[in-house]
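Here is a short tour for a reader new to this structure. It begins with one strand and its partners, then moves on to other parts of the chain.

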Amino acid sequence: RTISQKQSSRATVSVLDVKMGHTLLCVLGLFLLNTLLYGHAEGQDDEQKRRAEDSGVGTGPTVPNRVVVTLQPNWPQIFSGETFTLKCEIEGGGNTKWTYEWTPAKLNIPPTYSEYRISSATESHSGDYRCKGRRDSYSSTEWSDVITLTVLSHRPKAELRADRRAIPAGGSVTLTCSVKPSSSGWKYFWYRGEKTSEPLTTQDAVFLSDGQIRVSQGGLYWCRGGRGDPVYYTEYSDAVVTNRAVVTLQPNWPEIYYGETITLRCEIMDGGDTEWEYEWTTSSSDRFPKQSDQVISATIYSGGNYWCKGKHKKELFSTEWSDPITLTLSARRPKAELRADRRDIPAGGSVTLTCSVKPSSSGWKYFWYRGEKTSEPLTTQDAVFLSDGQIRVSQEGLYWCRGGRGDPVYYTEYSHSIRINKIIPNRAIVTLQPIWPQIFSGETFTVRCEIEGGRDTKWTYEWTPAKLNTPPTNSEYRISRATESHSGDYRCKGRRDSYFTTRWSDVITVTVSDKPQPVLTVSPSWLSPADSVTLNCSVKDPSAGWTFYWYKAVPKLADNSYSDELLPGNSSGTEQDSYIVHGQTHTAGYKCRAGRGAPVYYTQYSEPKFVWSGDGDIILVSPVRPVTEGDSVSLSCKLRTEELVSDVFFYRNGELIQNDTRRELNISAVSKSDEGFYKCQHSGKTSPQSWMSVKAVTRPESSSFPVPFIVGLVCGIVLIILLLLLYRCRQSKDSCFIRPIQSDSTNRGSATNHVVNQNEAERAEYSTLLHGDTCLYETIKGSEDTENGDTCLYETIKGSEDTENG
């Protein structure tokens, strides 16, 4: 029963619990429903109230005052962080005590004010702003017009531009700063170097306008804009580098030589304490590290152009590339050149030496040496240093020099050595053996150097011209066959040892001329009974030491020449330049020549000169040698007295061709038809006939004949001529050298008539046919003329005693 009671009690409690749980849930549900209904009713009341306020219905009367919202500063665009003020102004509000109401409603936190200052704007401050004034609880103004405010979420950044990137020497750069996006109210602040430095002032730049300055100092420039109070700053601009990079060469030489050490340096103008790194470029094959100085040991590849620029280590801005510097490299080591103002030091005197580098360049210092190249350079104890590159020495010896420059020193090649001598008092004299003022081609002469008072000294000799100084140098030189190249000034000096020498001797001048030809004159030209003939021989150039040799021309008909026979009594020549021939009665030819020295040096033979005998009083003057077709020819007639005559008749081949008062027969252009025997006649007297030969001119002509035909024709003509000559030779062997003279008409074809040269003073070879009962005397021009093909037959009549023997 107890257990039953307990179970019954538990059941009753469970029922009560369930009932109470239901009751609690109902109470909570009723509370929530009541809350929702009340809130909805209140919301409807607020909305109705706001609408009523907007329409002015049910909120009390409105006042006529006009309301304006203003923005200070009045910028259309506000940036995040800027400070601005909104102000509600009531026109005609007077002394009324107003309260203000704003939208957005977040400004209406009591107490409400006429203005609101936003000290650090954010994007949340963007929106439409308006206000109105309330005079008391039931009267207010209308709402103001809306002012829209846009706040950008980012801080603006300044932009810096330069009209050029590098400041030229003595010039400037114009910088312009602006704010992007564009807006108003900005002032600009300028900085050089670090951003944290003080802004630039008028002492640092020329302020052209708000936002533009001109600077003349290189550097890293920045700018930023600022506006408002307190000042609101933009972000800094990117930097502009106005520094100018310049490449310099140390040492600054215009030409660099192979092996020299030089330094290329990149300098940033007005770089100050800025930390730079450097970039290089070059047209050569060299590559450089990023440092300002580049040390180069020049090679054949180092020549070319070099540029550099600087790069700011922190800001990563660079200068423009520098202007190029050009390295001109010479692949060979230069050589020093040594000169002396004289080679011999006079007693108590000195010599000035000058050293230079070829090709010319700068920066050289000079090093001087005496004796061996390996010796120590000369000092002020050894020489007087006049300037860099010039010294004065008073000690004999062998001197050298070389140039050097740079660090380490780069040396040129050594100069050639110069021997500086000390003058000794002995005097040198040049003599000429033989002592003739004029030397002729082919002669032998000797130049000799004599040292006065130097008999017991062993001398070596030095000559000018230098071609005589071929070792060993001698005291005399014998020139066995002089030529024109031996002409010149000769002088000498003696050397006692390496550095002691005499002065140069006085100059002796030797002139070597062509082999001379003497001039022979005969007197008289026409013989009279018992006359003697005087021959005079002279060498035309002034000279001395001659012996003269005299000859008679003897015909040699066998080979169409003549031989020269010494006249009696002059086998060794004569010192006198004249010779007398006694008892000459017949026509004869004479020649001379001169000789001197040992062995004897002979001049050329003179031209032959003739003396004439016989009864002929008139002679035809005509050319001896064949005349070339086209040449002009003049023939004349003269008496034994050498006088030319006028009123002359001229004949060719027996026919009269000119009969007037002229004294000459002139043919302006001879032709082959003019060839023949000519004679002249005056006052009834007739000259012997003379043959004038005309030779044809060979002219190149275009021909269709084949070459073999022409060659064959020429050979045929030559063969005919040879046969004719052979035939004549055979005839001459059958006849006597001595044959009587026949009449002019019978002798025309068998004998070559007497030819007289047109100008006897210039041309001595001619032939003249003389009259009388003398025998015929033939002579042919000398062998020297046979090369020209000129044959001059000269016939004369031998004495009657020879005719009887013939």
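## Strand β57 and its partners

The model is predicted. Start at strand β57, residues 676–682. The strand is mostly covered, with six of its seven residues buried.

Which strands pair with β57, and over how many bridges? Strand β54, residues 649–652, pairs with β57 over four bridges. Strand β59, residues 690–692, pairs with β57 over three bridges. Strand β58, residues 685–686, pairs with β57 over two bridges. The pairing of β57 is antiparallel with β54, with β59 and with β58. The table gives one bridge from each pairing.

| Strand paired with β57 | Bridges | One bridge pair |
|---|---|---|
| β54 (residues 649–652) | four bridges | Phe 650 and Cys 680 |
| β59 (residues 690–692) | three bridges | Tyr 678 and Ser 690 |
| β58 (residues 685–686) | two bridges | His 682 and Lys 685 |

β57 and β58 also form a hairpin. Two residues lie between these strands. Ser 683 sits in the turn and has a positive phi of about 55 degrees.

## The protein overall

Now step back to the whole protein. It has 806 residues, and 37% of them are buried. There are five helices and 60 strands. Take the contacts between residues at least 6 apart in sequence: 63% of them join residues at least 24 apart. The accessible surface comes to about 45,700 Å². Carbon and sulfur atoms account for 50% of that surface.

## The largest nonpolar core

In soluble globular proteins, nonpolar side chains tend to be buried together. Here, the largest nonpolar core has 23 residues. Which residues have the most contacts inside this core? They are Leu 249, Ile 256, Leu 264, Cys 266, Trp 280 and Leu 327. Several strands each supply at least two residues of the core: β14 (220–227), β17 (245–250), β19 (261–268), β20 (276–282), β22 (304–312) and β23 (325–327). The largest share comes from β19, with four residues.

Cys 266 shows what surrounds a core residue. Residues up to four places away in sequence are left out here. Cys 266 then touches Ala 245, Val 246, Tyr 278, Trp 280, Ser 292, Cys 308 and Lys 309.

## Two open sheets

β17 and β19 also belong to an open sheet of three strands. The order is β17-β19-β21, with antiparallel pairing. β17 and β21 (293–297) are the edge strands, each pairing on one side only. Neighbouring strands of this sheet are turned by 20 degrees against each other on average, direction ignored. Six bridges join β17 to β19. In one of these bridges, Leu 249 has Leu 264 of β19 as its partner. Leu 249 and Leu 264 are among the residues with the most contacts inside the core.

Another open sheet has four strands, in the order β9-β10-β13-β12. Its pairing is antiparallel. The edge strands are β9 (157–162) and β12 (206–209), and each pairs on one side only. The twist averages 25 degrees from one strand to the next. Three bridges join β12 to β13, residues 212–215. Val 206 has Arg 214 of β13 as its bridge partner.

## Asp 344 and Ser 394

Asp 344 lies in strand β26, residues 344–345. Is Asp 344 buried or exposed? Asp 344 counts as buried because its relative accessible area is 15%, under the cut-off of 20%.

The side chain of Asp 344 makes polar contacts with other side chains. One of these contacts, of 3.0 Å, is with Asn 421. Another, of 3.5 Å, is with Lys 493. Neighbours within four places in sequence aside, Asp 344 is in contact with Val 351, Asn 421, Ile 423, Lys 493, Thr 501 and Trp 504.

Ser 394 is found in the loop between β30 (390–393) and β31 (397–405). Ser 394 is partly exposed, with a relative accessible area of 43%. Again leaving aside neighbours within four places, Ser 394 is in contact with Ile 345, Gly 349, Ser 350 and Lys 422. Ser 394 and Ala 383 are 11 residues apart in sequence. In space, their C-alpha atoms are 7.6 Å apart.

Conventions:
Residues numbered from 1 in each chain as written. Predicted model: local features only at pLDDT ≥ 70, side-chain atom pairs only at ≥ 80, totals over all residues. Heavy atoms only, no water. Buried < 20%, exposed > 50% of the residue type's maximum accessible area, 1.4 Å probe, protein only. Pairing = 2+ DSSP bridges. Polar contact = N/O pair within 3.5 Å; in protein donor to acceptor, adjacent residues only side chain to side chain. Contact = heavy atoms within 4.5 Å. Axes fitted to C-alpha atoms, helices over the stretch in contact; angles between N-to-C directions. Core = buried A, V, L, I, M, F, W, Y, C linked by side-chain atoms within 4.5 Å. Areas by Shrake-Rupley, 256 points an atom, 1.4 Å probe, with all protein chains shown as cover.
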